[in-house]
Amino acid sequence: MADYHLSRYDMILPLEEVEGKALLANGVYGAYDVVPLSCIDSIKSGGEWLDEELFERLKKRGHLVKESAEEELKNASLLTRCWWLLPYRAIMDLVIMPTYNCNFRCDYCYERKRLEKGNEWLGHSMSDEVLDAVFDQIDEYIRQGRHIRNVFLYGGEPLLRTNKKQVEYIINACHDREIKLICVTNGYDLDQYIDILEPDWFDFLQITVDGPKEVHDKRRFLAGGQGSYEKIMKNISLVLEKGLRVHLRTNINRSNLESVMELPKEFEKRGFLKYPNFYWYFKATIGCFEDDPNNAITDLEMYETMKAFGMDKKTALQHCMLYGQITRRVGGAIAAETYPPLRPAACGAEADMLVVDPDGKLYTCWDVVSMEEYTVGYTDLEAKRFRFDLNFPKWRGRTADRLENCADCPMMMVCGGGCAIESDHAYGTMDKGFCGTFKEAFEEVVPYICGNKYKESGEDELGGSWYDLIGNITDEDKETLFSTMSQLEAQDILKKYLRRYKRIFR
Ligand code: SF4
Ligand code: SF4
């Protein structure tokens with residue numbers, strides 16, 4: 001026992017509404033374990049005086065380890081490497097922007113800068129040539145064994161009346177390839193598109209409503225200044241009725257923080273809540289895009305306001321974007337008897353998302369489209385292929401194990417290092433993690449969902465742990481995993497160690 005110590009990635013947290021117990025949460029190995037409160041001092045001192053059964057369990061799960069801090073960081077890098085090499089890395093999401101143009105002039109829009117580029121640039125839509133090249137490249141990805149999970153229709157506003165030809169092309173081309181669509185729309189012209197929106201062809205539509213009528217209309221108005229609220233709400237009813245799934249998003253900063261709390265009542269009044277295909281959520285705007293920094297709010301502030309306005313904890317967690325994400329990620333780890341989801345990268349921009357603008361320029365992050373410094377490549381129209389430049393690996397290589405201020409973070413594989421753009425704005429580099437209020441959110445969510453899981457199951461071991469792999473792998477196999485470029489070779493190695501690998505290799 002003398003050689004063991006608590007993993008650098010362990011946190012000791014309370015277990016909500018459970019007497020006499022505590023939670024060991026390891027956000028790198030994905031191990032969540034219930035232990036007697038009375039054993040905490042012993043656990044902190046490396047397991048001395050623990051009974052053998054508990055000691056063995058905590059070793060097996062990766063809470064009590066022999067590795068130095070440096071060796072544990074290498075463990076995190078190994079798991080990141082596995083994440084890249086496991087088959088689910090073959091997944092891709094492609095975001096297609098039929099136009100930069102938009103019929104709205106939202107006061108907080110991060111794409112506002114595009115308006116400075118002039119009407120001609122703004123007004124044009126994706127040409128047939130670019131569309132053909134994009135779908136030829138998609139076919140090539142499919143031939144290579146990549147799985148295009150979703151195509152997003154994004155803009156500007158993708159569903160402008162003037163874009164219908166392009167949008168129809170994209171919808172049909174996706175349907176032919178059995179790719180489900182997601183559409184991010186302001187919802188204003190949805191009625192013009194209702195005839196071509198097939199519920200089975202779409203995963204969901206994301207529509208933004210920023211508050212009750214008088215507040216929404218001041219924030220999300222038409223280019224001519226008129227309000228948009230009533231028309232959007234009518235269109236939401238229309239698409240819900242047709243059976244399309246709607247994710248209604250509310251962007252929140254200080255100026256609408258309190259007024260949006262009336263929205264759930266409005267959803268109820270309009271009958272939205274009776275549709276199983278309706279879901280709403282609140283999202284704090286990205287702080288670095290606010291002209292007035294005082295208008296930025298944190299996710300924590302938003303969550304606290306939701307509770308202060310009478311929302312119960314379960315509802316607030318479900319409908320606050322960051323808290324909901326943590327609930328799903330850690331919830332996934334404790335729900336299944338398989339390996340916990342790994343999340344070494346913060347978002348799709350660093351993992352599996354690619355954005356094509358109307359001219360065929362490529363980005364990884366959809367919040368910085370049209371900003372030249374963030375392009376990662378272009379569409380070669382002659383060869384009908386995407387070509388990447390040296391910015392691309394900077395994004396795809398940004399995982400939390402490589403960010404200096406994340407190396408010590410016990411939430412590393414749940415957070416993934418935070419938003420790269422926020423980091424770039426705050427520190428002048430994407431190579432630092434941006435925490436925001438992630439840690440506070442984690443400490444709010446995890447004791448709650450683990451407490452519920454424990455009360456329901458009575459199990460001490462909540463879900464799997466990646467320490468299965470770390471604890472058994474030979475140095476030689478580790479080195480091969482770090483160096484191989486072959487998914488097949490990596491999978492053959494991993495299959496030897498991962499007892500419950502079937503669920504991962506499906
Ligand atoms: S890098 Fe930041 S702004 Fe871009 S998609 Fe990721 S979380 Fe969003
Ligand atoms: S950004 Fe912050 S919370 Fe996220 S992994 Fe890095 S240190 Fe942890």
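This short presentation describes the overall form, the salt bridges and the ligand surroundings of one protein chain.

Good morning, colleagues. The structure before you is a predicted model, and every value I quote was computed from it.

I begin with the chain as a whole. Its secondary structure comes to 20 helices and 16 strands. Along the principal axes, the C-alpha trace spans about 75 × 55 × 40 Å. A compact globule of 506 residues would have a radius of gyration near 23 Å, and this chain has 24 Å, so the two agree. Of the 506 residues, 58% count as buried. As for the surface, the chain exposes about 21800 Å², and carbon and sulfur atoms supply 49% of that area.

How are the contacts distributed along the sequence? Taking contacts between residues at least 6 apart, 71% join residues at least 24 apart.

I turn now to the salt bridges, of which the count comes to 35. Three pairs deserve individual description.

The first pair I wish to show is K455 with E17, whose side chains meet at 2.9 Å, N to O. This pair links distant parts of the chain: K455 belongs to helix α17, residues 438-457, whereas E17 sits in the loop between β2 (10-14) and β3 (21-26), and 438 residues separate them. Are these two residues buried or exposed? K455 is partly exposed, with a relative accessible area of 42%. E17 counts as exposed, because its relative accessibility is 67% and the cut-off for that class is over 50%.

The next pair is K60 with E461, where the closest N and O atoms are 3.1 Å apart. K60 lies in helix α2, residues 52-61, and E461 lies in strand β16, residues 461-462; the salt bridge therefore ties together parts that are 401 residues apart in sequence. Both partners are partly exposed: K60 has a relative accessible area of 42%, and E461 has 29%.

This pair also has company. Which residues are linked with K60 and E461 in a network of salt bridges? The network comprises D33, R57, K60, R61, D460 and E461.

My last pair is D477 with K496, in which the closest N and O atoms are 2.9 Å apart. Here D477 is in helix α19, residues 475-483, and K496 is in helix α20, residues 487-497, so the pair ties together parts that are 19 residues apart in sequence. The two ends differ in their exposure. D477 is buried, because its relative accessible area is 10% and burial is set at under 20%. K496, by contrast, counts as exposed at 57% relative accessibility.

Finally, I come to the ligands.

Which residues surround ligand 1? They are I286, C347, C365, W366, D367, W395, C419 and A420. By class, this shell divides into seven nonpolar residues, no polar residues and one charged residue.

Around ligand 2 we find N405, C406, C409, M412, C415, G417, G418, G433, F434, C435 and K439. This second shell has six nonpolar, four polar and one charged residues.

To close, I would return to two points. The chain has a radius of gyration of 24 Å, in agreement with the value for a compact globule of its length. Among its salt bridges, the pair of K455 and E17 joins residues 438 apart in sequence, and the pair of K60 and E461 joins parts 401 residues apart. Thank you for your attention.

Note on methods: Residues are numbered from 1 along each chain as its sequence is written. Chains are lettered from A and ligands numbered from 1 in the order in which they are written. This is a predicted model: local features need pLDDT of at least 70, side-chain atom pairs count only at pLDDT 80 or more; totals for chains, interfaces and linings use all residues. Side-chain values use heavy atoms; hydrogens and water are left out. A residue is near a molecule or strand if one of its heavy atoms lies within 4 Å of it. Ala, Val, Leu, Ile, Met, Phe, Trp, Tyr, Cys and Pro count as nonpolar, Asp, Glu, Lys and Arg as charged, and the others, Gly among them, as polar. A salt bridge is a side-chain nitrogen of Lys or Arg within 4 Å of a carboxyl oxygen of Asp or Glu. Helices (H or I, at least four residues) and strands (E, at least two) are DSSP runs, numbered from the N terminus. Buried means under 20% relative accessible area, exposed over 50%, partly exposed in between (1.4 Å probe, protein chains only). The radius of gyration is taken over C-alpha atoms; the globule rule is 2.2 Å times the number of residues to the power 0.38. Contact means heavy atoms within 4.5 Å. Accessible areas come from the Shrake-Rupley method with a 1.4 Å probe; for residues, only the protein chains shown count as cover.
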